[in-house]
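Subject: Structure handover

Hi,

Here is the structure I promised to pass on to you. Please open it alongside this email, and my notes on what turned up follow just below.

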Amino acid sequence: MLDNIRVILVNTSHTGNIGSTARAMKTMGLSKLWLVDPVQEPDSHSSALAAGATDVLGNAKIVKTLDEAIEGCRLVVATSARSRTLSWPVMDPRESGVKLVEEAQTGEVALIFGRENNGLSNDELQKAHFHAVIPANPDYSSLNLAAAVQTLCYEVRMAHLANTEIKSDVEPYPLVEDLERFYTHLEGTLSKTDFIVKNHPGQVMAKLRRLFNRARPETQELNILRGILSSIDKLAK
């Protein structure tokens, strides 16, 4: 089950942090490391800080975009340290660990960490179903990347050891790429009906993403929504 959990680092600038992340992952039994557009690919410094986790480091997958890294996942959790103008469903590390372990029993899931200096962008955060926030000391909340990874991976480990069970009759959630196709379809339909004004779209789609991410439609429910949009498309013609 732990093999279904991807740890994703976005645009990491220090190679040592990649190695330290690999070490943090392996101590908690995680092995799937993905690197999105790193400033520099893993080097000897990464290997030195990975210590005995050079296998995790050596098997890391390097891709250009976050969309590539989360493709095929049914659940995406993104870490965030800052409050945002558009709030998103938030979990603490313990809740995140339980949620990731639960859904890793039925498919691939992802845990995303952002850049060392400014984290993840708003667009990147909106690709996640939930945001994970570490409740650090508000007077000094500066966590380095590897420490943040260790904290979340520890909670994943504890949830795994607790052997959280999933009901066998639960319907599977759609893959993230299926959700993206739904959002594209939704935006196109709302544009046809002039609900979204092309030159002044505002935050309509961002708020609708938040709504559906919070609702977590199952695969059959998403198919129904796509069918509704298709029926509207026919009338709009």
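Let me start with Ala110, which touches Arg6, Ile8, Ile70, Cys73, Leu75, Val76, Val77 and Leu100, leaving aside residues up to four places away in sequence. Please keep in mind throughout that this is a predicted model. Ala110 sits in strand E6, which covers residues 108–113. Its relative accessibility is 0%, so Ala110 counts as buried. If you would like a long-range distance for orientation, Ala110 and Asp233 are 33 Å apart from C-alpha to C-alpha, with their positions 123 residues apart in sequence.

Next, the nonpolar cores. Which residues of the largest core touch the most other members? They are Leu33, Phe113 and Val149, in a core of 35 residues. Helix H7, residues 145–161, supplies the largest share of this core, with seven residues. Val149 is in contact with Val7, Leu9, Thr21, Ala24, Met25 and Phe113, again not counting residues up to four places away in sequence. There is also a second core, separate from that one, with 17 residues. Ala110 belongs to this second core, as do Trp34, Cys73 and Ala128, among others.

Cys73 brings me to the cysteines. How many disulfides does the model have? The count is zero. Cys73 is in no disulfide, and the nearest cysteine sulfur, in Cys153, lies 15 Å away. Seen from the other side, the sulfur of Cys153 has its closest cysteine sulfur in Cys73, and those 15 Å are too far for a bond, because a disulfide needs the two sulfur atoms within 2.5 Å. Are these two cysteines buried or exposed? Cys73 has 0% relative accessibility and so counts as buried. Cys153 is buried too, at a relative accessible area of 1%.

Now for the empty space, which may be of interest to you as a computational chemist. The largest pocket has a volume of about 610 Å³. Its lining is made up of 25 residues, and those nearest the centre of the pocket are Ser80, Ala81, Gly119, Leu143 and Ala148. By class, 12 residues of this lining are nonpolar, nine are polar and four are charged.

As for enclosed space, the model has two cavities of 30 Å³ or more. The largest cavity holds about 60 Å³. Which residues line the largest cavity? They are Gln126, Lys127, Ala128, His129, Val176, Leu179, Glu180, Tyr183, Arg209 and Asn213. Ala128 has come up before, as a member of the second core. Two elements give two or more residues to the lining of the largest cavity, namely helix H8 (176–192) and helix H9 (204–215). Of the elements involved, H8 gives the most, with four residues. The lining of the largest cavity divides into four nonpolar, three polar and three charged residues.

A few individual residues are worth a look as well. His45 is part of helix H2, which runs over residues 44–50. With 44% relative accessibility, His45 counts as partly exposed. Its contacts, not counting residues up to four places away in sequence, are Thr15 and Gly16. The C-alpha atoms of His45 and Leu229 are separated by 51 Å, and the two residues are 184 residues apart along the chain.

Then there are two backbone angles to check when you go through the model. Ala51 has a phi near 55°, which is a positive value in a residue other than glycine. You will find Ala51 in the loop between H2 and helix H3 (54–58). At 40% relative accessibility, Ala51 counts as partly exposed. Asp194 also has a positive phi without being a glycine, with a value near 65°. Asp194 lies in the loop between H8 and H9. Is Asp194 buried or exposed? Its relative accessibility is 61%, so Asp194 counts as exposed.

That is everything from my side for now. Do write back if anything here is unclear.

All the best

Methods
Residues are numbered from 1 along each chain as its sequence is written. This is a predicted model: local features need pLDDT of at least 70, side-chain atom pairs count only at pLDDT 80 or more; totals for chains, interfaces and linings use all residues. Side-chain values use heavy atoms; hydrogens and water are left out. On a 1 Å grid over the protein atoms alone, a cavity is a set of points where a 1.4 Å probe fits but cannot get out, and a pocket is an open set with protein on both sides within 12 Å along at least five of seven lines; lining residues have an atom within 4 Å of a point. Grid points are joined across faces, edges and corners, and a volume is the space filled by probe spheres set on the points. Ala, Val, Leu, Ile, Met, Phe, Trp, Tyr, Cys and Pro count as nonpolar, Asp, Glu, Lys and Arg as charged, and the others, Gly among them, as polar. Buried means under 20% relative accessible area, exposed over 50%, partly exposed in between (1.4 Å probe, protein chains only). A nonpolar core is a set of buried Ala, Val, Leu, Ile, Met, Phe, Trp, Tyr and Cys residues joined through side-chain atoms within 4.5 Å. Contact means heavy atoms within 4.5 Å.
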